[in-house]
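Please look over the sequence and the structure shown below before reading on. The briefing that follows goes from the whole chain to single residues, and each term is explained where it comes up.

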Amino acid sequence: MTENYGKVYLVGSGPGDPELLTLKARRLIDNADVVIYDQLPGEAIIASIPKKAEKIDAGKYAGDHTLSQNSINKLMIEKAKEGKTVVRLKGGDPYVFGRGGEEAQELIRAGINFEVVPGITSAISAPAYAGIPVTHREYASMVTFITGHEDPTKNESGIDWEILAKFPGTIVIFMGVKMLENNVNELIKHGKDPSTPVALIERGTRPDQRVTIGTLENIVSLKNERKVKAPAITIIGNVVKLHDELGEQILEGI
């Protein structure tokens, strides 16, 4: 590492509720020279970035990437080489489908000192706020996380739908709105019971959180009817049955 270089923090901001930021994340954001942020942290957290910091929107929106991943990598490196303290602010946890691992590799190659600051992943927090525990002794002793949007440059999928269809636990799909119909069809095709409960949780843990409950058989039509949009997370499994009993957490405006 070069002594004159600054440091990059790969910071997980959690699912969107500002009170779910870790103390460390809050301290680093408040003291950063530069904050390179995605859209996933949400408006409340982004608005809380101090005015003294240089704010750079690196959000990836459907069909419209403000900055490419290569550009984000270069930007982090450039700002650190200027001797600045850089916070790369990401939704959820940087190493859970957040491309934090890729960014860390680039920083190492460039000789930049960095630190990872874990965040609360939406895989557990969004369902919790919707009254859905991802594990429960009566319903699910296992949980698996998968991406609903794989790298398009891959020659073949890294997801084994045949195994997932037989999986007896809870399936949590990140970024799966666009590919919901394909994902549901794959599960049913490989033997998953069409009556398996499904929840779509939009903007989990935020004041405008919205939950759509259905089954593998009807969730696509419900998604279309209710115009479900990203960011949303999909929960598949019998734990979804607890939604009505445990209820949604009441969220107050920030």
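## Briefing on the predicted model

The protein exposes about 13,000 Å², and carbon and sulfur atoms supply 49% of that area; accessible areas here come from the Shrake-Rupley method with a 1.4 Å probe, and for residues only the protein chains shown count as cover. This is a predicted model, in which local features need pLDDT of at least 70 and side-chain atom pairs count only at pLDDT 80 or more, whereas totals for chains, interfaces and linings use all residues. Residues are numbered from 1 along each chain as its sequence is written, and side-chain values use heavy atoms, with hydrogens and water left out.

**Overall form**

- The protein holds nine helices and twelve strands, where helices (H or I, at least four residues) and strands (E, at least two) are DSSP runs numbered from the N terminus.
- With a radius of gyration of 19 Å, close to the 18 Å that the globule rule gives for 254 residues, the protein is as compact as a globular protein of that length; the radius is taken over C-alpha atoms, and the rule is 2.2 Å times the number of residues to the power 0.38.
- Along its principal axes, the C-alpha trace spans about 60 × 45 × 35 Å.
- Of the 254 residues, 48% are buried, a word that means under 20% relative accessible area, while exposed means over 50% and partly exposed lies in between (1.4 Å probe, protein chains only).
- Among contacts between residues at least 6 apart in sequence, 69% join residues at least 24 apart, a contact being heavy atoms within 4.5 Å.

**Salt bridges**

- The structure holds 16 salt bridges, each defined as a side-chain nitrogen of Lys or Arg within 4 Å of a carboxyl oxygen of Asp or Glu.
- One of them pairs Arg-26 with Asp-30, whose closest N and O atoms are 2.9 Å apart; because these two residues are four apart in helix H1 (residues 23–31), about one helical turn separates them.
- Another joins Glu-186 to Lys-189, with the closest N and O atoms 3.6 Å apart, and here the partners are three residues apart in helix H7 (residues 180–189), so that they too are separated by about one helical turn.
- Glu-186 is buried at a relative accessible area of 17%, whereas Lys-189 counts as exposed at 59%.
- Arg-210 and Glu-202 also meet through their side chains in a salt bridge (2.7 Å, N to O); Arg-210 is partly exposed at 26%, but Glu-202 is buried at 2%.
- Asp-38, Arg-88, Lys-90 and Glu-103 are linked in a network of salt bridges.

**A buried lysine**

- Lys-223, found in helix H8 (residues 219–226), is buried yet has no salt bridge, and the nearest side chain of opposite charge, Glu-181, is 6.5 Å away; for this purpose Lys and Arg count as positive and Asp and Glu as negative, while His and the chain ends are not counted.
- Not counting residues up to four places away in sequence, Lys-223 touches Val-177, Leu-180, Leu-200 and Val-228.

**A nonpolar surface patch**

- Phe-97, Ile-120, Ile-124, Val-143, Phe-145 and Met-175 form a nonpolar patch on the surface, with about 460 Å² of accessible area together; patches are made of residues with over 30% relative accessible area and no salt bridge, joining like charges within 9 Å and nonpolar side chains (Val, Leu, Ile, Met, Phe, Trp, Tyr) within 5 Å.
- Within this patch, Ile-124 belongs to helix H5 (residues 122–129) and counts as partly exposed at 41% relative accessibility.
- Met-175 is also touched by His-149, as is Phe-174, not counting residues up to four places away in sequence; His-149 itself sits in the loop between strand E8 (143–147) and helix H6 (161–166).

**Backbone details in loops**

- A cis peptide bond, with omega about 0 degrees, joins Ala-230 and Pro-231, and Pro-231 lies in the loop between H8 and strand E12 (232–236).
- Lys-227, placed in the loop between H8 and E12, has a positive phi near 55 degrees although it is a residue other than glycine, and it counts as exposed at 60% relative accessibility.
- Arg-99, which is not a glycine either, has a positive phi of about 65 degrees, and it is found in the loop between strand E6 (85–90) and H4.
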